[in-house]
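Biologist: Before we discuss anything in detail, could you please put the sequence and the structure in front of us?

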Amino acid sequence: MRLEAKDIYAGYGKIEVLHGASIRAAEREIICIIGPNGSGKSTLLKAVFGLLKPTKGTVSFDGKDITRLEPEQKVRLGIAFIPQGRNVFPSLTVRENLEMGGTVLGDAKAVQLAIEEALDSYPLLSRKIRDRAGNLSGGEKQILSLARADMVKPGLILMDEPSIGLSPRMIDEVYSKITEINRRGTTFAIVEQNARKALSIAHRGYVLDLGQTRLEDTGAELLNNEEVKKLYLGG
Amino acid sequence: MDSISYYLQTVLNGILAGCIYALFAMGLTLIYGVLNFVNFAHGELIMWGAYFLFLFMGEPFGLPLYVAVFPALALTGCLGLAMDYSVFRPIRRANRLTLLIAAMGLSVFLRNAAQFFWGAEVRTYGFEVKAGTQFLGLYLTTQQFAIIGVTILCVIAVYLLFFKSRLGKSMRALSDNLDLARISGIDTKRAILAAWVISAVLAAIGGILLALDTNLHPEMGIANLIKAFAATLIGGVGNLWGALLGGLLIGLAENIGVLFISPGYKDGIAFVIMVLILLARPYVIIGERSD
């Protein structure tokens, strides 16, 4: 199993948000986590990545226990995290943003090579390479944040609300990029408010409610599940 | 001196003062950008930098100026690191008011420490005062040539560091978004230490240039901090080029200002500029940025 988070308890200060949530994702899988506001979706991603320390439970990556590792160490293992909103460096150029994504590659040559590859696979960015990231549109920023995470060809990308604030056309663009990266071998765990879109590309989905995993099924099955339809897909 | 050269001389004096303010302001804005607080003890790095040079030029070292600057800059860099290690790092996640008060306390401590070692009297590096050489109808002393030359070198160095080197770019990234920098795998602790060293060295260079042109006294840092802070505000806090420009503007405004008002109010000009900007953007000191 590429990612396995078992029985995670976590929260902010005294407020516990997750009361035993579990997810797992196999190699080359896209999983999505849906659920109402406040169900702990984003908290779960943060706990998996180590931005929050789980009070109980374990997180493992390729069979290795990574529960207590710092985010920096997880990046080195090949785990990338794309937070919701504010996920580019606005005063840096597009090229510099990509360069920052390649930090853990180490030497300058490897970074340069990875930037060239990124520009080939993200033509939209190659046209804006010298622009400040802060001047990009919301969709372009989201694409840049994907490209930045993709610089190190991570084994797993954790992504929080990729579709938030984007036009339907840009959402399609971002999601087609996600499937493209996934086909090259990267596992995705996506938290999404836009459940229909996420389930349509996900191999499997989880429904999180009140800090616990309520349902787990294939994306297609969840899309057809009456309860999910009623609660999260707008009838 | 005819009146045209008189005005040109005034502008030149403004640029000279501005160069020094710019060096102070760039260091101040760097720490603001990276750690998100105004280091009100920055003035003491200016003053200590100048006194460290005094230390190495005097007995028992007796080093010539060109040699003594290196240990002086290195020690000021260490002082910057020590400030962070002993005071600011333990309260990294505290609110702005706590950081502000801690910085002010540190500033008082360092000023008194300097007074303890070197006394409160005005000192100089002991160079003879020479008449300036005439240059395009303007008078410039060797020290003033040095101010302009060294400032230009510093600006080039800052450019190369922050826009061409990976460490510098990672400091800018950190300044943009600390969490995202950590998430991207940037070694944020190392970048913060580097920012302290650079900020302190720029302060020391400015302090030394100022002391070469005028003199040394324990209040020289705090007196100039206000100017640097005003320059930082003009440039937009966290913005290196803005700080450079802001410093030059403050220097020019002060020197051109005294053509119209009594020189006794010279220091007031920076204050007025600062108050006006703070009225428009009070969040700089007291609260969260609204962007």
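The questions and answers below deal with helix crossings, cysteines and two single residues of this predicted model.

Biologist: What word describes how helix α3 of chain B lies relative to helix α8 of chain B?

Modeller: Two packed helices are described by the angle between their axes and the distance between the axes. Here the axes of α3(B), residues 65-88, and α8(B), residues 188-213, come within 8 Å and cross at roughly 135°. Because angles over 115 and up to 145 degrees are neither roughly perpendicular nor roughly antiparallel, α3(B) is called oblique to α8(B).

Biologist: How many residues of the contact of α3(B) with α8(B) are nonpolar?

Modeller: α3(B) passes α8(B) in a right-handed crossing. The contact includes B:Leu65, B:Val69 and B:Leu73 of α3(B), and among its residues from α8(B) are B:Ile192, B:Leu193 and B:Trp196. When the residues of this contact are divided by type, three are polar, one is charged, and the nonpolar ones number 16.

Biologist: Is the crossing of α9(B) and α11(B) left-handed or right-handed?

Modeller: The axes of helix α9 of chain B, residues 220-235, and helix α11 of chain B, residues 266-280, come within 9 Å and cross at roughly 40°, which makes α9(B) oblique to α11(B). The crossing of these two helices, α9(B) and α11(B), is left-handed.

Biologist: How many charged residues are in the contact of α9(B) with α11(B)?

Modeller: Among the residues that make the contact are B:Ile226, B:Lys227 and B:Phe229 of α9(B), together with B:Asp267, B:Ala270 and B:Phe271 of α11(B). The residues of this contact divide into 11 nonpolar and no polar ones, while the charged ones number two.

Biologist: Which residues of α4(A) does α3(A) meet?

Modeller: The axes of helix α3 of chain A, residues 94-101, and helix α4 of chain A, residues 108-121, come within 9 Å and cross at roughly 125°, so α3(A) is oblique to α4(A). From the side of α3(A), the residues in the contact are A:Arg95, A:Leu98 and A:Glu99. On the side of α4(A), they meet A:Val111, A:Gln112, A:Ile115, A:Ala118 and A:Leu119.

Biologist: Which cysteine holds the sulfur closest to that of B:Cys78?

Modeller: A search of the whole structure finds zero disulfides over all chains. B:Cys78 is partly exposed, with a relative accessible area of 46%. Its closest cysteine sulfur is 18 Å away, which is too far for a bond because a disulfide needs the two sulfur atoms within 2.5 Å, and that closest sulfur belongs to B:Cys154.

Biologist: Is B:Cys19 buried or exposed?

Modeller: B:Cys19 is in no disulfide, since the nearest cysteine sulfur, that of B:Cys154, is 9.8 Å away. The relative accessibility of B:Cys19 is 7%, and because the limit for this class is under 20%, B:Cys19 counts as buried.

Biologist: What is the relative accessible area of A:Thr179?

Modeller: A:Thr179 lies in helix α7 of chain A, residues 168-183. Not counting residues up to four places away in sequence, A:Thr179 touches A:Ile30 and A:Ile201. A:Thr179 is buried, with a relative accessible area of 18%.

Biologist: How far apart are the C-alpha atoms of A:Ala25 and A:Ser42?

Modeller: A:Ala25 lies in strand β2 of chain A, residues 15-25, and counts as buried at 0% relative accessibility. Leaving aside residues up to four places away in sequence, A:Ala25 touches several residues, including A:Met1, A:Ile31 and A:Arg204. A:Ser42 is 17 residues apart from A:Ala25 along the chain, and their C-alpha atoms are separated by 17 Å.

Note on methods:
Residues are numbered from 1 along each chain as its sequence is written. Chains are lettered from A and ligands numbered from 1 in the order in which they are written. This is a predicted model: local features need pLDDT of at least 70, side-chain atom pairs count only at pLDDT 80 or more; totals for chains, interfaces and linings use all residues. Side-chain values use heavy atoms; hydrogens and water are left out. Axes are lines fitted to C-alpha atoms, for helices over the stretch in contact, and angles run from 0 to 180 degrees between N-to-C directions. Helices (H or I, at least four residues) and strands (E, at least two) are DSSP runs, numbered from the N terminus. Angles under 35 degrees count as roughly parallel, over 145 as roughly antiparallel, 65 to 115 as roughly perpendicular and the rest as oblique. A crossing is left-handed if the near helix is turned anticlockwise from the far one by less than a right angle, and right-handed if clockwise. Contact means heavy atoms within 4.5 Å. Ala, Val, Leu, Ile, Met, Phe, Trp, Tyr, Cys and Pro count as nonpolar, Asp, Glu, Lys and Arg as charged, and the others, Gly among them, as polar. Buried means under 20% relative accessible area, exposed over 50%, partly exposed in between (1.4 Å probe, protein chains only).
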